[in-house]
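Q: Please take me through one part of this model slowly, as if we were turning it around on a screen together. I'd like to hear what sits inside, what it touches and how the pieces around it fit.

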Amino acid sequence: LASAEFSQLDHVLDLSTSPEDYLQIVRGKTAGPFASVCKSAGLAANVSEMECNALLEFGIELGIAFQLVDDLLDIRGDERMGKPRGSDVYEGKMTLPLIHALTLLHGEQRVRLAEIIRCFDDSLFDELISLLNSAESLSYSEILINNHLERAINHLDIFKDCDAKQLLKHVVSMVQNRHS
């Protein structure tokens with residue numbers, strides 16, 4: 001967790017941050033802890049090794065989706081969750097929507113996005129959203145969220161239907177509905 005946080009700090013305002021860099025950070029700071037908790041619950045419940053691994057993979061997918069949702073909430077803002085809009089951008093964090101847009105935009109649009117990221121203030125927010133929409137980066141993030149949540153649920157197929165499985169599916173639903 002600490003290593004991933006330090007890696008994220010290394011990438012502050014680093015416009016060359018790749019999606020792979022981002023995913024490595026997310027696996028360490030969010031997905032890893034989610035996965036550890038899920039596997040630990042399986043170990044405490046004395047389930048099979050195969051079921052423990054399914055819980056581990058469930059946690060990884062859920063954690064990645066959770067972080068992607070968090071990134072979207074940062075851009076869109078969600079005062080209900082105590083998430084003011086743009087705090088990650090102000091801090092120079094390279095979230096997936098920014099990385100995706102930097103990858104897809106070219107010419108003047110990419111140059112302008114880089115300027116906005118480097119010198120962000122609230123007056124630039126509408127322009128930032130416009131550039132992210134131009135690259136379809138918010139839609140891309142939503143697609144990835146749904147893919148990771150679907151994979152998380154698929155990892156539960158190994159378990160018979162029971163209250164615990166339904167609770168885990170409910171957690172997936174809560175993450176999915178957190179950004180809508």
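A: Let's start at aspartate 74, which lies in helix 3. Keep in mind that this is a predicted model. Buried or exposed, which is aspartate 74? It's buried, with a relative accessible area of just 1%, and the cut-off for buried is under 20%. From there, look across to threonine 95: the two are 21 residues apart in sequence, and their C-alpha atoms are 9.4 Å apart in space.

Stay on helix 3 and slide back to glutamate 61, which is found there too. Glutamate 61 comes out at 8% relative accessibility, so it counts as buried. Its C-alpha lies 8.3 Å from that of alanine 35, although 26 residues separate them along the chain. And which residues does glutamate 61 touch, leaving out those up to four places away in sequence? They are His148, Arg151, Ala152 and His155. Two of those names are worth remembering, because His148 and Ala152 are among the buried residues of helix 8.

So over to helix 8. With its 18 residues at 1.5 Å each, it should span 26 Å, and its end C-alpha atoms are indeed 26 Å apart, so the two figures agree. The buried residues here are Ser137, Leu138, Ser141, Leu144, Ile145, His148, Leu149 and Ala152. If you look down the axis of helix 8, these buried residues fall within an arc of 130 degrees, so they line one face of the helix. Why would a pattern like that show up along a sequence? An α-helix has 3.6 residues a turn, so residues three or four places apart point the same way. Turn to the other side of helix 8 and you'll find Ile143 and Glu150 exposed. What covers the buried residues includes helix 3, helix 5, helix 7 and helix 9.

Zoom in on one residue of that buried face, serine 141, found in helix 8. Serine 141 has a relative accessible area of 1%, so it is buried. Setting aside residues up to four places away in sequence, serine 141 touches Leu72, Leu96 and Pro97.

Leu96 and Pro97 bring us to helix 5, where both are among the buried residues. The others on that list are Leu98, Ile99, His100, Ala101 and Leu102. Seven of the nine residues of helix 5 are buried, so the rest of the structure largely encloses it. Which helices do those buried residues pack against? Helix 2, helix 3, helix 4, helix 6, helix 7 and helix 8.

Helix 3 has one more job for us on this tour: the largest pocket, which holds about 260 Å³ of space. Of the 16 residues lining this pocket, Leu55, Phe159, Ala164, Lys165 and Leu168 are the closest to its centre. Helix 2, helix 3 and helix 9 each give two or more residues to the lining. By class, the lining has 12 nonpolar, one polar and three charged residues.

Now step back. The protein chain has nine helices and zero strands. Of its 180 residues, 43% are buried. Among contacts between residues at least 6 apart in sequence, 68% join residues at least 24 apart. The touches between glutamate 61 and residues such as His148 give you a feel for such links.

Methods:
Residues are numbered from 1 along each chain as its sequence is written. This is a predicted model: local features need pLDDT of at least 70, side-chain atom pairs count only at pLDDT 80 or more; totals for chains, interfaces and linings use all residues. Side-chain values use heavy atoms; hydrogens and water are left out. On a 1 Å grid over the protein atoms alone, a cavity is a set of points where a 1.4 Å probe fits but cannot get out, and a pocket is an open set with protein on both sides within 12 Å along at least five of seven lines; lining residues have an atom within 4 Å of a point. Grid points are joined across faces, edges and corners, and a volume is the space filled by probe spheres set on the points. Helices (H or I, at least four residues) and strands (E, at least two) are DSSP runs, numbered from the N terminus. Ala, Val, Leu, Ile, Met, Phe, Trp, Tyr, Cys and Pro count as nonpolar, Asp, Glu, Lys and Arg as charged, and the others, Gly among them, as polar. Buried means under 20% relative accessible area, exposed over 50%, partly exposed in between (1.4 Å probe, protein chains only). Contact means heavy atoms within 4.5 Å. The expected span of a helix is 1.5 Å times one less than its number of residues. The arc is that of the directions from the helix axis to the C-beta atoms.
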